[in-house]
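Visitor: I am new to this structure, and I would like to take a close look at a single part of it before I try to take in the rest. Please go slowly and tell me where each piece belongs.

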Amino acid sequence: MRHPPRSVLLAVAGTVALALGATLPVVTAQGATPACTVEYSVTGQWDAGFQGAVKVTNNAAAVSGWSLSFDFANGQKVTQGWNAKWSQTGTTVTAVNESYNGSLGTGASVSAGFLASRSGSNAVPTTFRLNGTTCNADTEPTPTPTPTPTTPPTSSPTPTDPPDTGDGPPALRVSGNKLVDAGGTTRRLLGVNRSGGEFMCVQGRGIFDGPVDDAAIKAIADWKANTVRIPLNEECWLGLSNIQPAYGGANYVDAVKGLVARVRAHGMTPMLELHWSWGQYTGNSAGCSDVHASCQKPMPNMRYTPTFWTSVANTFKNDPAVVFDLFNEPYPDRATSTATQAWQCWRDGGTCPGIGYEVAGMQDLVDAIRSTGARNVILAGGLAYSNDLGQWLTYRPTDPAGNLAAAWHVYNFNTCSNASCWNSTLAPVAAQVPLVAGEIGENTCSHGFVDQVMRWFDDRGLSYLGWTWNTWDCSSGPSLISSYDGTPTAYGTGLRDHLRALNG
């Protein structure tokens with residue numbers, strides 16, 4: 001989808017199966033009230049890793065900051081976490097509060113989660129320490145017996161604490177033509193796009209467009225969205241020389257990791273998508289003449305894009321809840337003379353007619369991701385800015401993990417924008433693989449068109465995400481909100497009310 005520039009519009013932009021069996025027994029105190037209690041559970045487990053959760057309750061005096069530590073017994077290693085700053089030295093794991101959840105009053109609780117690797121056994125830690133005090137252990141009796149209070153403590157988490165989201169978003173995999181969780185339950189991805197990470201950095205203006213702190217992500221969750229699509233820029237992720245260091249490389253990667261963690265903390269699925277990429281293209285429908293990643297290119301490139309996806313996959317391969325969307329809106333059909341050439345270019349890459357750089361095909365990108373050992377669900381959009389899936393099944397890449405799904409975009413001004421086209425071209429794809437409408441929208445400041453799209457997708461149990469959660473002028477493009485507190489535009493009202501009706 002297109003983006004606004006500094007004033008109006010920018011250029012065109014456009015797994016393992018997690019074995020969730022019964023939660024392991026919670027480690028809790030018995031007898032007298034301990035100074036602190038910790039509930040630890042393994043919320044999902046697979047061959048080489050697992051997902052864990054802790055709930056810490058402070059029964060002593062209020063604290064303004066907390067640090068929880070425990071030890072693994074079987075060589076487990078924490079790889080990523082949320083709602084706390086997680087680290088590990090040897091066998092000892094430490095979780096330190098975030099800025100928004102440091103205050104822990106008497107009787108208050110805080111929850112955090114993590115992903116970890118393992119090999120073999122996965123014993124539950126036996127000892128937990130909160131600010132140096134052992135939890136789940138009886139306190140010493142007081143010298144003079146006093147009555148035990150019968151009223152519950154009145155303290156509660158600070159208003160800025162994120163909600164206790166339990167296990168977070170589910171690990172996902174493909175089963176037939178459905179996305180399912182570890183238990184085999186069908187999961188639909190329903191939510192929004194959070195644009196900004198694809199263009200702010202390359203323009204030297206920051207990393208994200210508008211706030212992405214916990215309050216801003218909570219506002220998305222309050223719409224009852226369960227998925228957030230996060231567009232990325234390959235030059236910023238890789239920290240190439242044309243990107244200001246403050247907005248590229250490690251700073252950019254850390255910012256994306258932080259946003260993913262906050263999306264997860266609110267129970268939503270993070271979807272990472274390559275939006276803007278390197279490669280000079282000045283042919284039909286070119287968005288810009290710049291070789292750098294400053295607009296939507298017709299196809300990804302072999303110079304940087306496989307490296308980008310290898311890095312992204314290595315960063316998130318231990319988190320089977322994260323979805324990878326290969327390339328925003330391919331349009332090799334605008335550069336080549338025949339549909340066959342376009343689809344061959346789309347899948348196989350190489351030297352493509354009308355495109356002056358070596359193209360990375362969708363098969364190249366699938367191979368790059370799978371070479372890391374990542375088994376995350378992968379989405380691949382078709383031709384015509386992902387609006388054409390007519391030969392997607394014929395040319396779909398081979399995925400050794402069996403976790404490939406089709407991505408599709410639709411706006412009221414696209415060619416395939418009516419039920420007749422959807423029935424003839426989308427329905428056959430959706431009958432064989434999961435279908436995700438990664439972008440739906442309209443340029444009318446209304447929601448009559450997206451209402452039709454959502455109805456068609458609802459009838460078939462399919463997924464869709466609205467473009468976009470940014471405070472732009474909806475008369476210039478489909479902007480869902482007028483404020484990052486979640487105040488909808490007239491267009492956004494349709495998606496918000498629909499998601500709340502489905503998931504409320």
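In which loop does T468 lie?

Guide: The model shown here is a predicted one, and what follows should be read with that in mind. T468 is found in the loop that runs between strand β19, residues 463–466, and helix α11, residues 490–503. Although T468 belongs to a loop, its relative accessible area is 0%, and because anything under 20% counts as buried, T468 is a buried residue.

The backbone at this point deserves attention as well. The peptide bond that joins W467 and T468 is cis, with omega at about 0°. As a general matter, most peptide bonds are trans.

Turning to what surrounds the residue, and setting aside its neighbours within four places in sequence, T468 is in contact with N193, R194 and S195, and also with P478, S479, L480 and I481. With N193 there is a polar approach, in which a polar atom of the T468 side chain lies 3.3 Å from the backbone oxygen of N193.

From N193 the view can be carried on to a helix. Strand β12, residues 190–193, is among the elements that cover the buried residues of helix α1, and that cover also includes β13, residues 227–233, and α3, residues 250–265. Helix α1 itself spans residues 214–221 and is mostly covered, since 6 of its 8 residues are buried. Those buried residues of α1 are D214, A216, I217, A219, I220 and A221. In general, an α-helix has 3.6 residues a turn, so residues three or four places apart point the same way.

Strand β14, residues 269–276, offers another buried residue to set beside T468, namely H275. The relative accessibility of H275 is 0%, so H275 counts as buried. Its side chain takes part in polar contacts: one, of 2.8 Å, is made with the side chain of E273, and another, of 3.2 Å, joins the side chain of H275 to that of N328.

The backbone of helix α7, residues 383–386, also has details to point out, and A384 lies within that helix. A384 is not a glycine, yet its phi is positive, at about 55°, and Y385, also in helix α7, likewise has a positive phi, of about 60°, without being a glycine. In general, most residues other than glycine have a negative phi. The cut-off for burial is 20%, so A384, with a relative accessible area of 22%, is partly exposed, whereas Y385, at 15%, counts as buried.

There is also enclosed space to consider, for the largest cavity holds about 80 Å³. Its lining includes N177, K178 and L179, then T186, R187 and R188, and further along the chain P434, L435 and V436, together with G461, L462 and S463. Strands β11, residues 178–180, and β18, residues 435–441, each supply at least two residues of that lining. Sorted by class, the lining has 5 nonpolar, 4 polar and 3 charged residues.

Finally, to place these parts in the whole, the protein chain has 11 helices and 19 strands. Of its 504 residues, 55% are buried, and T468, with its relative accessible area of 0%, is one of the buried residues. The accessible surface of the chain comes to about 18700 Å², and carbon and sulfur atoms account for 49% of that surface.

Key:
Residues numbered from 1 in each chain as written. Predicted model: local features only at pLDDT ≥ 70, side-chain atom pairs only at ≥ 80, totals over all residues. Heavy atoms only, no water. Helix = DSSP H or I, 4+ residues; strand = E, 2+ residues; numbered from the N terminus. Buried < 20%, exposed > 50% of the residue type's maximum accessible area, 1.4 Å probe, protein only. Polar contact = N/O pair within 3.5 Å; in protein donor to acceptor, adjacent residues only side chain to side chain. Contact = heavy atoms within 4.5 Å. 1 Å grid on protein atoms, 1.4 Å probe; cavity = no way out; pocket = protein on both sides within 12 Å on 5 of 7 lines; lining within 4 Å. Points joined across faces, edges and corners; volume = space filled by probe spheres on them. Nonpolar A, V, L, I, M, F, W, Y, C, P; charged D, E, K, R; others polar. Areas by Shrake-Rupley, 256 points an atom, 1.4 Å probe, with all protein chains shown as cover.
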